[in-house]
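Biologist: Could you take a close look at one part of this model for me, helix packing first and then the unusual backbone spots? I would love one connected account.

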Amino acid sequence: MRQTATGLGVPSDDAQLLQLTNNAVFALPRSGIVIRIARSHRLRDRVTKVVQLARWFAEIDAPTIRLAPGVEQPVEVGDLVASIWTYVPPRSPAPAVEDLGSVLREFHALGLPPFPMPVWDPIHDARRRLADAEGINRNDRDFLLEWCDRLDPPITALNERTDPMLIHADAHAGNLLRYSSRRVVMCDFDATSAGPWQVDLAAVAVGEARFGGTRAHRRLAKAYGFDVTSDPEWPILRDVRELKMIVAAVPLLASSPSHVAEFANRIESVRSGDHVAGWTPFADL
């Protein structure tokens, strides 16, 4: 982060760590930027995709965060790569699932961009994260890889029988920001791809089942106009989301005992077929 800031000619003494999973995300409020560093060289192609998408989003005034102006992107950081974004300070009221429903309707109406997009393939992403994994035992790794193998065919079939749309693929209120104009926009386009639109409604439903009832799913369904749990594809969408929520912890297992314990809790609930066992958000640990 400091190397990147120096290269941009901005101070980093006010840096704030916002996220540390597959990306290390730092806000530099005084400079009005956010530095987002992919923590693995394997994610280089993803950062290139995100930058290309962000430029298109700006051209069409999509409901999305903007890249920092005047910066050649992506930015090389040693063996890693980063993207630089405009900083949006927290504002009240915080975006809610009602905002998510509205933004998703607008996002899904954008159509596909005028350049190739990867097909929704969460299994490839999970396998790639597992390839980088440290601190995961062999039994858990084998279980997750076998789960990937089981999910791969139904996901391929789902992609083949639906018309692809531009999907965010990690849509939850935590990936929303509120501008001073009161406009709510989306951020974090690592998983953005072409796939079934129902994918973007699954995160909130699964999150409510695992983290506790807040009626967020019902509110999202009302705001968007569709209840994803009534969809015939729901069991597949639920399993894919749960896999993502487990594999997301893999980069943290080598250094965080609390994440190791929660990872074990999640693995055990899936092994036992329990779809309502309580989980703790990694961000709360």
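Modeller: Happy to; what follows starts with helix α5 and its partners, then turns to other places along the chain.

This is a predicted model, in which local features need pLDDT of at least 70 and side-chain atom pairs count only at pLDDT 80 or more, while totals for chains, interfaces and linings use all residues. Residues are numbered from 1 along each chain as its sequence is written, and side-chain values use heavy atoms, with hydrogens and water left out.

Helices (DSSP runs of H or I, at least four residues) and strands (runs of E, at least two) are numbered from the N terminus. Helix α5 covers residues 138-161 and packs with helix α9, residues 257-271, at an angle of about 50°, their axes lying 12 Å apart. Such axes are lines fitted to C-alpha atoms, for helices over the stretch in contact, and the angles run from 0 to 180 degrees between N-to-C directions. That angle makes α5 oblique to α9; under 35 degrees counts as roughly parallel, over 145 as roughly antiparallel, 65 to 115 as roughly perpendicular, and the rest as oblique. The crossing of α5 and α9 is left-handed, meaning that the near helix is turned anticlockwise from the far one by less than a right angle (clockwise would be right-handed). On the α5 side, Asn-139, Asp-140, Phe-143, Leu-144 and Trp-147 meet Phe-263, Ile-267, Val-270 and Arg-271 of α9, where contact means heavy atoms within 4.5 Å. The residues of this contact divide into six nonpolar, one polar and two charged. Here Ala, Val, Leu, Ile, Met, Phe, Trp, Tyr, Cys and Pro count as nonpolar, Asp, Glu, Lys and Arg as charged, and the others, Gly among them, as polar.

Trp-147 deserves its own look. Trp-147 has 4% relative accessibility and so counts as buried (under 20% relative accessible area; exposed is over 50%, partly exposed in between, with a 1.4 Å probe and protein chains only). Leaving aside neighbours within four places in sequence, Trp-147 is in contact with Asp-239, Glu-242, Leu-243, Ile-246 and Val-270. The C-alpha atoms of Trp-147 and Ile-123 are separated by 9.2 Å, with the two residues 24 apart along the chain.

Ile-123 takes us to the other partner. Helix α4 (residues 122-131) packs with α5 at about 165°, with their axes 9 Å apart, and the two are therefore roughly antiparallel to each other. This crossing is left-handed too. Pro-122, Ile-123, Ala-126, Arg-127 and Leu-130 of α4 meet a set of α5 residues that includes Arg-141, Leu-144, Cys-148, Asp-152 and Ile-155. The division of the contact residues is nine nonpolar, no polar and four charged.

Now for the backbone. Most residues other than glycine have a negative phi, and most peptide bonds are trans. The bond from Gln-73 to Pro-74 is cis, with omega near -5°, and Pro-74 sits in the loop between α2 and β4 (75-77). A cis bond also joins Ser-92 and Pro-93, with omega about -5°; Pro-93 belongs to the loop between β5 (80-86) and α3. Asp-188 has a positive phi near 65° and lies in the loop between β8 and β9 (193-195). With 16% relative accessibility, Asp-188 counts as buried. Arg-215, in the loop between α6 and α7, likewise has a positive phi, near 65°.
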